[in-house]
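The following exercises introduce a protein structure through its sequence and its three-dimensional model. Each task is followed by a solution in steps.

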Amino acid sequence: MPVWLVPATGTLLATLVGLDTAQPWRDELATWSAATRGFAGLIRLAGTIDAAAGPYYLLMHAWLSAAGDSVTALRLPSALAMAAAAGLTAVLGQRLWDTRVGTFAGLLFAVLPGTSRYGQEARPYALASALAVLSTLLLVDALRRPARRRWLGYAAATTALGLTHLVALTLLASHAVAVLTATRAVRAGGRGDGSGDGGQRQPPPPGRVLRLWFAALVPVTAAVVPLALIARGQRARQLDWVDAARPGDLAALAGGVAQSTVVGGVLLGLAALGAAQAGRRGLLPVSCVLAPVLLLFLAGLVVPLWVPRYLVFVVPFGCLLAGAALASARLPAALAVVALTGLLGLPDQAALRRTHEWPRSATVDYRAVAEIVASDRQPGDAVVYSPRGSWLFLDLGLRYHLGGRTPQDTLLVEGQEGRGDLWAAECDRPAECLAGVDRVWLVLAGRRSDPLAAVPGAKGDALRDRFAVARVWPRPGITLALLTRLG
């Protein structure tokens with residue numbers, strides 16, 4: 001039986017359970033908004049905001065064009081990518097150690113709540129995780145048995161990794177460590193790959209290994225640098241919600257990427273034990289965890305970049321180290337640890353299938369609001385959002401669930417696709433735009449006891465002058481009010 005089969009199958013089954021239960025949250029709504037635009041609309045969007053995710057949006061555009069935009073269709077590519085990440089993790093463990101380590105690493109990865117969380121999210125993190133392991137695996141193979149096709153495969157996988165998730169290219173620092181270690185080992189007359197299997201042929205000259213690696217990075221640079229420059233110009237707008245990194249953020253990282261404080265602690269402890277036991281064989285996975293974390297943290301001290309989920313791609317490498325620790329125990333004990341880790345994560349597994357928000361107290365129940373509107377709407381109804389330009393994407397949430405049944409957006413003057421943005425533009429004379437409307441569905445962020453008083457500016461004045469609140473429905477993270485015309 002191939003080493004990848006059980007971990008990949010287990011991960012796929014875990015991510016498919018309740019795949020469509022939690023409603024799409026705001027980041028997934030951004031994916032849906034972008035991926036359902038035409039190619040020209042995607043190009044305009046990349047020039048305004050979210051260029052870093054542009055290649056992923058393009059991939060999702062092709063997928064949704066064929067599969068539709070149901071919750072299952074939105075998330076299925078991530079579920080498949082996480083299954084691939086688990087299988088590739090097992091194969092990499094086999095290359096660096098043996099089948100036993102690879103199997104335990106893949107099984108542990110499968111039971112993590114974070115694996116299900118990001119395997120059930122229409123964002124690029126699962127794909128980046130799979131590509132990060134694939135790129136590293138291909139590098140190991142290229143260092144062990146140098147051949148042009150292996151370096152070409154490494155170049156292609158690393159280019160895809162950078163286009164999928166720019167932050168994941170911090171992994172190149174770890175790859176540099178592996179390449180330099182291999183060249184030093186060749187000079188010393190050793191193998192230099194850190195693996196335990198035989199079959200190494202006559203190693204190439206150390207200088208040639210470096211040249212091959214640098215040559216493999218040429219297409220990576222050519223493809224990623226233009227994207228990175230565009231994304232850099234958008235950083236202030238893209239990440240205006242991110243705070244500077246703090247020392248305490250490092251302590252919380254394991255729980256953040258594992259989506260469970262307890263399970264994150266278990267994984268961290270096992271990984272530390274495995275790193276201590278592994279010696280030179282553990283150098284590559286250790287560096288694949290530490291280098292991206294430290295580089296992003298140091299960058300986050302200077303500019304707002306520290307977002308734990310950006311580092312999900314290091315989790316498979318932590319599982320490799322944990323797998324090495326488990327492999328030193330007897331089989332029943334090692335399997336018991338994997339099972340116990342899965343059991344400890346069950347409460348978080350159940351919670352993430354209710355909501356994808358983190359923290360979960362920040363849930364916004366778009367679906368509940370949409371169901372109310374769908375059941376009570378009448379011809380001629382209008383809808384107004386407040387605030388319109390927030391990261392909650394109130395308009396996208398309602399449109400996703402209602403589609404063509406969404407009431408007339410009477411204040412809309414230019415939609416997201418036309419603007420090349422994630423936010424629409426509204427009428428600057430709301431009183432005139434609301435003329436002739438008798439009923440308004442007012443959608444507000446947060447809990448609002450007085451919905452009309454919560455709407456600021458000219459939009460609020462126009463609503464307060466012409467409408468009265470007929471009914472209010474408070475829901476998690478959102479308030480819906482039905483307004484009727486005065487007189």
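Buried means under 20% relative accessible area, exposed means over 50%, and partly exposed lies in between. The structure is a predicted model.

**Exercise 1. A helix with a covered face**

Task: Determine which residues of helix α22 are buried and how they are arranged around the helix axis.

Solution.
Step 1. Helix α22 spans residues 457-466, and its buried residues are Lys 459, Gly 460, Ala 462 and Leu 463.
Step 2. Viewed down the axis of α22, these buried residues fall within an arc of 160 degrees, so they line one face of the helix.
Step 3. The elements against which the buried residues of α22 pack include β1, α21, β4 and β6.

**Exercise 2. A covered strand and the turn of chain after it**

Task: Describe the burial and pairing of strand β1, and characterise the peptide bond between Ser 386 and Pro 387.

Solution.
Step 1. Strand β1 covers residues 382-386, and 5 of its 5 residues are buried.
Step 2. Ala 382, Val 384 and Ser 386 point one way from β1, while Val 383 and Tyr 385 point the other way.
Step 3. Strands β1 and β4 run parallel and are joined by 5 bridges. Within this pairing, Val 384 stands opposite Leu 442 of β4.
Step 4. The peptide bond between Ser 386 and Pro 387 is cis, with omega of about -5 degrees. Pro 387 belongs to the loop between β1 and α19 (394-402).

**Exercise 3. Charged pairs**

Task: Examine the salt bridges of Arg 309, Asp 395 and Asp 438, considering burial and position in the sequence.

Solution.
Step 1. Side chains of opposite charge can pair when their charged atoms come close. The structure holds 17 salt bridges.
Step 2. Arg 309 and Asp 27 form a salt bridge in which the closest N and O atoms are 3.2 Å apart. Arg 309 lies in the loop between α14 (283-302) and α15 (315-327), and Asp 27 lies in helix α2 (residues 26-35), so the pair ties together parts that are 282 residues apart in sequence. Arg 309 is buried at 17% relative accessible area, and Asp 27 is buried at 14%.
Step 3. Asp 395 forms a salt bridge with Arg 388, with 3.0 Å between the closest N and O atoms. Asp 395 has a relative accessible area of 2% and is buried; Arg 388 is buried as well, at 8%. Both residues belong to a network of salt bridges that also links Asp 409, Glu 426 and Lys 459.
Step 4. Asp 438 and Arg 485 meet in a salt bridge at 3.7 Å, N to O. Asp 438 is in the loop between α21 (430-433) and β4 (439-445), and Arg 485 is in strand β6 (residues 478-485), so this pair ties together parts that are 47 residues apart in sequence. Arg 485 is partly exposed, at 30% relative accessibility.

**Exercise 4. A nonpolar patch on the surface**

Task: Identify the residues of the nonpolar patch and the helix that gives the most to it.

Solution.
Step 1. Val 262, Leu 340, Leu 343, Leu 344 and Leu 346 form the patch, which has about 460 Å² of accessible area together.
Step 2. Helix α16 (residues 331-344) gives the most, with 3 residues.
Step 3. Val 262 is located in helix α13 (residues 261-278) and is partly exposed, with a relative accessible area of 49%.

Technical notes:
Residues numbered from 1 in each chain as written. Predicted model: local features only at pLDDT ≥ 70, side-chain atom pairs only at ≥ 80, totals over all residues. Heavy atoms only, no water. Salt bridge = Lys/Arg side-chain N within 4 Å of Asp/Glu carboxyl O. Helix = DSSP H or I, 4+ residues; strand = E, 2+ residues; numbered from the N terminus. Buried < 20%, exposed > 50% of the residue type's maximum accessible area, 1.4 Å probe, protein only. Patch = residues over 30% accessible without salt bridge, like charges linked within 9 Å, V, L, I, M, F, W, Y side chains within 5 Å. Areas by Shrake-Rupley, 256 points an atom, 1.4 Å probe, with all protein chains shown as cover. Pairing = 2+ DSSP bridges. Arc of directions from axis to C-beta. Contact = heavy atoms within 4.5 Å.
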